[in-house]
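Hi everyone, thanks for making time. I'd like to walk you through one structure today, so have a look at it first and then I'll start talking.

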Amino acid sequence: MISAVFNSSPWISPKPRAMKYIYLTARSEPERALIEAELLSFAGVRPDEKGVGISEVKTDISNAAYVKVGAEILAEAPDLDGLEAEVASKGIEAEGFAIRVERLTENLKLRSTEIAARLADAIRGRPNLSDPKVKLLAVLTDDRAYLGRIFSEYTKGWLRLSKKPYTTSSSLPHRLARLMINLSGVRPPAKLVDPCCGAGTILLEGADMGYEVTGYDINYKMCQASRKNLSYFGLKGEVIQADARFIEGEFDLLVTDLPYGRNMAADERLYDELISNFVNLSPVAVIVTARDISELFIKHGYRSVDVLPSPKSWFTRYIHVARL
Ligand SMILES: C[S@@+](CC[C@H](N)C(=O)[O-])C[C@H]1O[C@@H](n2cnc3c(N)ncnc32)[C@H](O)[C@@H]1O
């Protein structure tokens, strides 16, 4: 089954829970489809246009590329006045707390510090802004106000890793590599392979996120670049020079950025041969290419492929998530 959008989230437990969780994502119109797909993969919901997603799933988002924070909802109301009253009437207690305010509405004229002060007055307990024991999140939208207890925040690991010493003109952006890993739904610890690893962007992100990473590249110089990049950050990973059409192994997750040349017919043949081998390496493959090649995954035995276009200023990348 080929679908052009991410409709499925098979790794999410469907069990309903009483607790509700609020997630906030980064907001960027060109990357909107990517951001939606990432929250869907983590929490089974899409964010609204303000980047707010409400879910019954509590999940660690520290490795996320675009999901910034997750909080357990303690109180909610239609507006700030209502929220203050709700916090007071519920007798919400927190010792040594700090409140981070996300004002996602133009309707509220108060500053964030004033909003935090009003909510702090309604909470039983003392604030501690310099070394908070409890981190709270206040979210104000046009028609809803929430107070939550933060349980997970993204670490933005890609910022550090994108300063790797060796790179190439065809290296992927680090944040995109992190997103691709996350779209798989296969969470660490797990065995990740990049069969065409180049300078190792995906390997670096994967190793930083807690995966056991293995990279292959046909080009010796690229293998050396990946090895040096991993060791520069003190990250572990194995890198082997080999032709990805013939490698063997068992991995939980394959993530790669396929090579592209000037000759479309040659690329076509290479992709066909690569994917016919990838199906033997991993039950889940997340692959980015310069065009939609979803039919190749089905041809070689993957049962479903989601395709997510990622537009850039002068070309579009296609992220494929294929499952056996
Ligand atoms: C688009 S680049 C990967 C870039 C990489 N993601 C990065 O961020 O640096 C594709 C890589 O595939 C490698 N490659 C090409 N044909 C290959 C093959 N048959 N087996 C393994 N690697 C191959 C190339 O040497 C190149 O480094």
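Asp194 sits in strand β8, where strands are DSSP runs of E with at least two residues, helices are DSSP runs of H or I with at least four, and both are numbered from the N terminus. Before I go further, this is a predicted model, so local features need pLDDT of at least 70, side-chain atom pairs count only at pLDDT 80 or more, and totals for chains, interfaces and linings use all residues. Residues are numbered from 1 along each chain as its sequence is written, and side-chain values use heavy atoms, with hydrogens and water left out.

So, is Asp194 buried or exposed? Asp194 counts as buried because its relative accessibility is 1%; buried means under 20% relative accessible area, exposed means over 50%, and partly exposed is in between, with a 1.4 Å probe and protein chains only. If you skip the neighbours within four places in sequence, Asp194 is in contact with Ile202, Leu203, Thr214, Gly215, Tyr216, Val255 and Thr256, and contact here means heavy atoms within 4.5 Å. Take Tyr216 from that list: it is 22 residues from Asp194 in sequence, yet 6.4 Å away in space, C-alpha to C-alpha. The side chain of Asp194 also has a polar atom 3.0 Å from the backbone nitrogen of Cys196. That brings in polar contacts: pairs of N or O atoms within 3.5 Å, where within protein one must be able to donate a hydrogen and the other to accept it, and residues adjacent in sequence count only if both atoms are side-chain atoms.

Ile202 and Leu203 take us to the next helix, α6. Eight of the nine residues in α6 are buried, so the helix is mostly covered. The buried ones are Thr201, Ile202, Leu203, Leu204, Glu205, Gly206, Ala207 and Met209. Right after α6 comes Gly210, with a positive phi of about 105°.

Now, Cys196 again, and pockets. A pocket is found on a 1 Å grid over the protein atoms alone: it is an open set of points where a 1.4 Å probe fits, with protein on both sides within 12 Å along at least five of seven lines, and lining residues have an atom within 4 Å of a point. Grid points are joined across faces, edges and corners, and the volume is the space filled by probe spheres set on the points. The largest pocket comes out at about 510 Å³. It is lined by 27 residues, and those closest to its centre are Cys196, Gly198, Asp217, Asp257 and Pro259. Two elements give two or more residues to that lining, α6 (201-209) and α8 (264-281).

The second largest pocket has a volume of about 270 Å³. Which residues are closest to its centre? Those are Ser170, Tyr260, Trp314, Phe315 and Arg317, out of 14 in the lining. At least two lining residues each come from β12 (284-289) and β14 (316-323).

Next door in sequence to Ser170 we have Ser171, in the loop between α4 (157-161) and α5 (174-183). Ser171 counts as buried because its relative accessible area is 19%. Its side chain makes a polar contact with the side chain of Thr167, at 3.3 Å. Leaving out the neighbours within four places in sequence, Ser171 is in contact with Lys164, Ala199 and Thr201.

Zooming out, the chain is divided into domain 1 (2-153) and domain 2 (157-323), with bounds that come from an automatic or database domain assignment. Their centres, taken over C-alpha atoms, are 32 Å apart. The contact takes 20 residues from domain 1 and 25 from domain 2.

Asn182, in helix α5, is a good residue to look at here. Asn182 is buried, at 1% relative accessibility. Its side chain reaches the backbone oxygen of Asn63 at 3.1 Å, and its contacts beyond four places in sequence include Glu38, Phe42 and Met209.

Two backbone details to finish. The peptide bond from Pro188 to Pro189 is cis, with omega near 5°, and Pro189 is in the loop between α5 and β8 (191-194). Then there's Lys156, which has a positive phi of about 55° although it is not a glycine. Lys156 is in the loop between β7 (145-153) and α4, and it counts as partly exposed, at 36% relative accessibility.
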